[in-house]
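Colleague: I am new to this structure and would like a close look at a single part of it. Could you take me through one pair of helices and the charged side chains that go with it?

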Amino acid sequence: MKQLREKAGVSQAAACRAIEIAPQTLWRIETGQPGPKLKDIYVETLGRLYAVSETEIAELVKLVAETKNSGWWYAYSDVVPPDFDVYLGMEESARTMTSLQLTLVPGLLQTTNYRRAVIWAGFPGMSTAEVERRIQIQANRQGRLMEPPEQFTVTMFVGEAALRYPVGGQSVMQEQRFHLLEVARLPTVTVRVVPMTIEMPVALVAGSFVLLDFPPHATERLSEPPVVYIEGYTGALYLDKPGEIDRYNQTCRAIHTMALNEEKSREFILDITKENQ
């Protein structure tokens, strides 16, 4: 809806007046924030204001109906971090994921013990029950790795530091390294290591991020654009402007060129594992 509004040259104020909502409410709707819901009448009114065809308005109304179907993560709403439910919804519908993680193993590839150590490091006062519910969220997310590769694939660029930091202690870290070797055999998963010896300031400048691409919609202009997710210590950043996406795509291509290939990455992880036996 935001893209359609901007393409039509309609201001936020005009859109708000058309459906009688506050600017803050429109912002939350357009950015997918939890809270306000996009009603059918809003879609129909705004669609006509944005000069969208009746056929496309009907498609948009169908999409609204789909958003009313709660995802599995809503059962964990009491422990889902603020704004992370937005990411969970995007991850669940993504077709491909490309991730650079410099200091921690990517969430989808973490073992239970590793994940538990990460949670307790960030939230030392969290109850055991809440920690375990968060771990269950992680397990549910990892179910996507078992889907057919034509439905979902991930390319994980993992920094050497993430393989060496003894998160949870050496025994937990060794288990995590072995798990990386195993999960990398899945047809949906590509793991490539970024050694510290490679001159690649672009990775250090860009920092850790996740790039999500979505399957095309039957109506091309209704297809979801790619999104870059950047997780922070106290919040998250979602980027979807074409210029931003282009820059991260360029970064991914640069990392692809310089990172170790899959076979050498496997050997690299094995060598670190042997060093710590």
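Modeller: What follows is a description of one helix pair, and then of the salt bridges that can be set beside it.

This is a predicted model, in which local features need pLDDT of at least 70 and side-chain atom pairs count only at pLDDT 80 or more, while totals for chains, interfaces and linings use all residues. Residues are numbered from 1 along each chain as its sequence is written, and side-chain values use heavy atoms, with hydrogens and water left out.

The pair consists of helix α10, residues 170–183, and helix α13, residues 262–275, whose axes come within 10 Å and cross at roughly 160 degrees. Helices here are DSSP runs of H or I with at least four residues, numbered from the N terminus, and axes are lines fitted to C-alpha atoms over the stretch in contact, with angles from 0 to 180 degrees between N-to-C directions. The two helices are therefore roughly antiparallel to each other, a term used for angles over 145 degrees. The crossing of α10 past α13 is left-handed, meaning that the near helix is turned anticlockwise from the far one by less than a right angle.

On the α10 side, Gln-174, Arg-177, Phe-178, Leu-180 and Leu-181 meet Arg-266, Ile-269, Leu-270, Ile-272 and Thr-273 of α13, where contact means heavy atoms within 4.5 Å. Sorted by class, this contact has 6 nonpolar, 2 polar and 2 charged residues; Ala, Val, Leu, Ile, Met, Phe, Trp, Tyr, Cys and Pro count as nonpolar, Asp, Glu, Lys and Arg as charged, and the others, Gly among them, as polar.

Helix α13 also takes part in a salt bridge, since Glu-275 pairs with Arg-164, the closest N and O atoms being 3.1 Å apart. This pair links distant parts of the chain, with Arg-164 in helix α9 (residues 160–164) and Glu-275 in helix α13, 111 residues apart. A salt bridge is a side-chain nitrogen of Lys or Arg within 4 Å of a carboxyl oxygen of Asp or Glu. Arg-164 is partly exposed at 33% relative accessibility, whereas Glu-275 counts as exposed at 52%; buried means under 20% relative accessible area, exposed over 50%, and partly exposed in between, with a 1.4 Å probe and protein chains only. Salt bridges that share partners join Glu-160, Arg-164 and Glu-275 into one network.

A search of the whole structure finds 9 salt bridges, including one between Glu-54 and Arg-48 at 3.1 Å, N to O.

Methods:
Angles under 35 degrees count as roughly parallel, over 145 as roughly antiparallel, 65 to 115 as roughly perpendicular and the rest as oblique.
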